[in-house]
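Colleague: Got a minute to look at a model with me? I'd like to start with the DNA side.

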Amino acid sequence: MSRFSREDHIFTDEMPFREEYTPSSLQERTEELDDYEKALSPIARGYSPKNIFLYGKTGVGKTVGTHYILNELKDAVEDYDDVTLTVVTISCRNLSSSYQVAIKLVNELRSITGRKKIASTGYPSEKVYNLLFEEMDKIGGTILCVLDEIDGINNDDDDLLYRIPRARTNSDVEHCDPGIIGISNDYKFKEGLSPEVLDTLCDEELNFAPYDAEELHSILSHRASNAFHDGVIEDDVLPLASARAAQDSGSARQALRLLYKAGELARENDSETVTSEHVESAQSLLEMGKVKEGIRDSTSQDHVILCSILDLALDGKTPTRTRTIHERYEKFAETVNVDPLVQRRMYDRVSELLRRSFLDMDVKNEGYRSGRYYEYELAVSIETVLEALQNVERVDPLVNRLEKKRNGNTNRNKNKYKQKRFD
DNA sequence: ACTCCACAGGAATTGAGGGGTG
DNA sequence: CACCCCTCAATTCCTGTGGAGT
């Protein structure tokens with residue numbers, strides 16, 4: 001077989017594993033969709049929309065389910081001439097303030113009416129709201145604002161979530177009926193909201209539970225039957241993949257990724273079939289890949305901090321406290337021309353690395369003499385960090401140095417080992 | 001029981017950088 | 001052009017706190 005042969009004994013030409021692939025029906029979510037439908041039913045009957053708060057972890061069908069049910073609603077509404085429905089969907093990821101969300105909504109609405117977009121900053125807040133309500137009034141009818149990843153919005157800046165549902169009663173709009181569908185994977189987001197917002201936003205609350213192993217199995221076998229050639233999947237593969245994904249996250253996306261990766265491995269190894277071993281190695285590869293990607297996507301500051309902790313680890317000085325990290329960090333920052341942050345600020349970055357579980361932390365307390373402090377160490381292997389930071393231009397000199405140091409260490413260990421053997 | 005350390009982490013402030021209007 | 005609005009990283013300042021030493 002030639003290296004670039006298009007023959008593929010594992011995968012078929014169909015590609016139900018692609019990220020953008022939307023299944024024609026949503027499996028294992030009938031109950032949730034029924035509730036969803038009920039919550040939306042007033043719209044079809046010509047009443048004002050209820051506001052909906054939808055929560056559930058990633059990959060449990062929130063976004064897909066929303067698309068699916070809103071398309072059905074749109075179809076249904078087309079038959080009634082007394083109802084017009086407009087849906088705007090935006091993702092609030094990276095939008096931390098009401099202001100930014102409002103701007104994005106305005107631009108989304110303007111792209112529907114084909115008008116010019118507005119700049120992302122510069123206007124007074126009230127002006128942006130006015131623009132938003134103006135656009136809504138121009139479109140008219142029922143307007144549903146789907147705010148995906150709504151937890152991106154700061155809890156103390158939730159003005160917009162209050163203004164949209166109340167726009168009608170506050171006479172901000174006259175010719176339309178706006179409603180919000182908020183989607184979040186963080187249930188706690190609700191707790192931080194101000195009481196007024198909570199009251200208006202959560203007319204209806206829907207929960208998408210994680211898939212259990214059985215449900216994942218059913219989803220996987222449905223997709224696998226299209227994606228793989230007959231008989232290439234061994235019997236224990238699907239149960240294993242669904243069990244792993246159910247245990248970890250209950251995410252269909254994760255389960256599908258796992259199965260796909262396992263298939264890729266089988267293909268690369270010229271294996272006749274996909275086996276449970278492929279699933280196992282696929283899982284560890286995916287986990288490692290996620291960590292590396294996460295590290296690579298961090299800022300230069302984070303990279304320098306990681307290098308500092310890594311260096312301390314090579315010296316056998318981890319777990320280590322903030323103060324020590326900062327000392328080394330300042331030196332490292334200088335060698336790679338990064339403006340060093342003050343300790344307080346570096347500590348914020350460290351906390352962030354901790355939150356993203358690249359680090360582990362322990363509380364220490366030495367009372368009267370040495371007070372209370374935290375100790376950190378790497379939560380991932382030294383090799384993983386080094387590999388991730390390879391070819392990151394900014395910290396190249398540091399990485400080289402650390403690599404030499406590590407090699408020195410391993411050589412020394414080897415020598416130690418030799419000596420022991422000769423003893 | 002009380003003291004006192006070191007620093008975690010909240011709050012206020014600043015200043016640069018995006019852009020607006022008249 | 002002068003002047004204003006919003007954002008966000010960074011800095012400075014400050015208060016709160018757990019528990020070993022006294």
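Colleague: What does Y374 do with a phosphate oxygen of DNA strand B?

Modeller: A polar side-chain atom of Y374 sits 2.9 Å from that phosphate oxygen; a polar contact here is a pair of N or O atoms within 3.5 Å. Keep in mind that this is a predicted model, where local features need pLDDT of at least 70, side-chain atom pairs count only at pLDDT 80 or more, and totals for chains, interfaces and linings use all residues. Residues are numbered from 1 along each chain as written, chains are lettered from A and ligands numbered from 1 in written order, and side-chain values use heavy atoms, without hydrogens and water.

Colleague: How far is the side chain of T322 from a phosphate oxygen?

Modeller: An N or O atom in the T322 side chain is 2.9 Å from a phosphate oxygen of strand B.

Colleague: And which part of R369 is 3.3 Å from a sugar or linking oxygen?

Modeller: A backbone N or O atom of R369.

Colleague: How many residues surround the strand?

Modeller: 17, and the closest are T121, R321, T322, R323 and Y347. "Near" means a heavy atom within 4 Å.

Colleague: Which atoms of the strand lie within 4 Å of the protein, sugar or phosphate versus bases?

Modeller: 69% belong to sugar or phosphate, the rest to bases.

Colleague: Which element gives the largest share of that surface?

Modeller: α15, with four residues. Helices are DSSP runs (H or I, at least four residues) and strands are E runs of at least two, numbered from the N terminus.

Definitions and conventions. Polar contact = N/O pair within 3.5 Å; in protein donor to acceptor, adjacent residues only side chain to side chain.
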